[in-house]
Amino acid sequence: MRLVLGFAGALAVATAAGLAFAAYVMGAPAEDVRQLALILAAGGATSLLAGGAVVRFLSARRIGLHLLLAGIHGAVLAVTLLNVLAAALLMFLSTHDLLLLLLVLGFATVLSLLFGYAVSGALVADLGRLGVAARRLAAGDLGTRAGLTGKGEVAQLARAFDQMAAQLQAGIERERAHELARREMVASVSHDLRTPLTTVRAMVEAVTDGVVGEPAEVRRYLGLIRGEVTHLSRLIDDLFELSQIESGALRLELAPAPLSELVAQTLEAYEAPARERGVTLAHEADAALPPVHVDAERLMRVLRNLIDNALRYTPSGGTVAVEARADPPEGGARRHAHVTVSDTGPGLPEGESERVFERFFRSARSRTRADGGSSGAGLGLTIARGLVQAHGGRMWAEQTPGAGARFHFTLPLAV
């Protein structure tokens with residue numbers, strides 16, 4: 001209905017403009033203007049009705065777009081030709097002039113139809129490419145793109161389709177990566193839980209079955225069981241904290257805190273384990289370092305994870321060092337504290353400077369550990385980086401094979 005009203009309005013405006021041109025520009029007599037008004041009104045109404053009927057008929061036939069556009073174009077031309085022919089007859093043209101007019105109109109009609117067919121063909125071809133791309137995408141080819149260029153509506157539709165396809169591909173790839181990571185995590189957690197549980201069950205069965213009866217031996221077994229239970233508890237706590245970090249549910253209690261004191265307090269708890277391993281602990285902090293804006297407990301957890309990792313790979317006679325300083329601001333950005341935890345172990349192998357932060361990643365240097373044991377659950381560095389990022393800082397590792405490992409992280413200063 002809106003389309004019909006629009007055409008009727010356009011026809012009325014065109015008729016009024018034609019009559020005004022005839023009356024005021026050409027100076028036609030009033031009688032001629034009245035006749036012209038009748039001719040234009042009758043021709044316009046006939047054209048509107050005939051054209052609308054043809055368009056409705058073609059649209060109802062459910063034919064292809066190419067034929068539909070060609071048919072509509074032909075109908076419009078036919079109505080136009082009839083109007084011109086009717087006006088020519090009313091002007092009482094001679095037979096010679098009328099035939100010449102019909103010849104010119106026929107030539108123009110052929111050219112117009114050819115041009116309309118070509119234009120509609122290009123439009124249909126672009127829509128066909130878009131349809132093929134849509135079918136390929138629906139069949140699972142996520143890399144398919146329509147690839148149309150230009151400024152027309154079809155090109156804009158194709159670009160919107162390509163953008164949708166790219167987002168769909170990225171989303172599905174993320175889902176696949178998440179699913180793979182979930183499976184790997186379940187497998188790793190199952191392994192890390194199964195090993196201590198199997199050990200605990202074997203020792204409990206040995207005690208309850210009387211295989212171990214000496215009090216001293218029973219106490220040793222109970223101590224081992226307590227150690228394995230502690231390991232399980234720590235693993236469960238790590239998994240819970242990691243889930244909080246990755247889900248965004250971690251809540252930090254931020255406040256200004258002296259970084260050098262937190263580092264010294266953390267290192268103090270490692271003096272006895274380091275002494276047993278024959279490892280020296282070193283601490284260097286800038287005396288003028290301003291306080292950092294952190295959750296003190298979480299920051300000490302970061303330091304503990306990094307120091308645990310450093311001690312695990314530092315041989316007897318080696319050194320674990322913690323250095324804290326203030327980084328100068330860059331480009332007007334806020335100043336940050338820069339903390340480095342380094343060791344004199346085997347260093348990070350080639351290609352592992354980023355992988356060491358992955359969940360449950362087993363580094364190749366675990367085969368050269370100072371204590372010869374397993375490399376733990378593989379969550380310590382993941383949690384440490386997540387906590388630093390939650391504070392608005394960043395963490396990275398230097399790749400220095402054979403020259404010790406160096407882990408760096410930054411934290412925002414409170415001033």
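Which residues make a nonpolar surface patch of about 540 Å²?

1. The patch consists of Phe21, Tyr24, Val25 and Met26. The model is a predicted one, and the patch should be read with that in mind. Tyrosine 24 belongs to helix 1, which spans residues 2-25. The relative accessibility of tyrosine 24 is 74%, so this residue counts as exposed.

2. Overall composition. The protein chain contains 10 helices and seven strands. Of its 415 residues, 32% are buried. The accessible surface of the chain is about 24600 Å², and carbon and sulfur atoms account for 62% of that surface. Taking contacts between residues at least 6 apart in sequence, 68% join residues at least 24 apart.

3. Nonpolar cores. In soluble globular proteins, nonpolar side chains tend to be buried together. Here the largest nonpolar core has 50 residues, and Leu259, Phe407 and Phe409 are the members that touch the most others. Helix 9 (residues 296-313) gives the most to this core, namely eight residues. Another core, of 10 residues, lies apart from it and includes Leu130, Val154, Ala158 and Ala165.

4. Helix 7. This helix covers residues 259-268, and its buried residues are Leu259, Leu262, Val263, Thr266 and Leu267. These residues lie on the same side of helix 7 because they cover an arc of only 130° around the axis. Glu261 and Glu268 are exposed on the other side of the helix.

5. Leucine 259. With neighbours within four places in sequence left aside, leucine 259 is in contact with Leu289, Val292, Leu299, Ala324, Ala337 and Val339. Leucine 259 is thus both one of the buried residues of helix 7 and one of the three residues named above for the largest core.

6. Leucine 289. This residue sits in the loop between strand 2 (280-285) and strand 3 (292-294). Is leucine 289 buried or exposed? Its relative accessible area is 14%, which is under the 20% limit, so leucine 289 is buried. Not counting residues up to four places away in sequence, leucine 289 touches Leu259, Ala324, Arg325, Ala326, Ala337 and Leu413. For one of these partners, alanine 326, the C-alpha separation from leucine 289 is 6.1 Å, with the two positions 37 residues apart along the chain counted as their distance apart.

7. Salt bridges within one helix. Side chains of opposite charge can pair when their charged atoms come close. The whole structure has eight salt bridges. In one of them, glutamate 217 pairs with arginine 220, and the closest N and O atoms are 2.7 Å apart. Both residues lie in helix 6 (residues 215-247), three residues apart, or about one turn of the helix. Glutamate 217 is partly exposed at a relative accessible area of 29%, and arginine 220 is partly exposed at 43%.

8. A salt bridge between separate parts. Glutamate 354 forms a salt bridge with arginine 385, and their closest N and O atoms are 3.1 Å apart. Glutamate 354 is in the loop between strand 5 (336-343) and helix 10 (380-390), while arginine 385 is in helix 10, so the pair ties together parts that are 31 residues apart in sequence. The two partners fall in separate exposure classes: glutamate 354 is partly exposed, with a relative accessible area of 45%, whereas arginine 385 is buried, with 16%.

9. Further salt bridges. Arginine 406 and glutamate 398 also form a salt bridge, with 3.4 Å between the closest N and O atoms. Arginine 406 counts as partly exposed at 29% relative accessibility, as does glutamate 398 at 28%. Elsewhere, Glu241, Arg298 and Arg301 are joined into one network by salt bridges that share partners.

10. Threonine 149. This residue is located in the loop between helix 4 (95-138) and helix 5 (153-208). Its relative accessibility is 72%, so threonine 149 counts as exposed. With residues up to four places away in sequence not counted, threonine 149 touches Ala155 and Arg159. The C-alpha atoms of threonine 149 and arginine 159 are 8.1 Å apart, and the two residues are 10 apart in sequence.

Technical notes. Residues numbered from 1 in each chain as written. Predicted model: local features only at pLDDT ≥ 70, side-chain atom pairs only at ≥ 80, totals over all residues. Heavy atoms only, no water. Buried < 20%, exposed > 50% of the residue type's maximum accessible area, 1.4 Å probe, protein only. Helix = DSSP H or I, 4+ residues; strand = E, 2+ residues; numbered from the N terminus. Arc of directions from axis to C-beta. Patch = residues over 30% accessible without salt bridge, like charges linked within 9 Å, V, L, I, M, F, W, Y side chains within 5 Å. Areas by Shrake-Rupley, 256 points an atom, 1.4 Å probe, with all protein chains shown as cover. Salt bridge = Lys/Arg side-chain N within 4 Å of Asp/Glu carboxyl O. Contact = heavy atoms within 4.5 Å. Core = buried A, V, L, I, M, F, W, Y, C linked by side-chain atoms within 4.5 Å.
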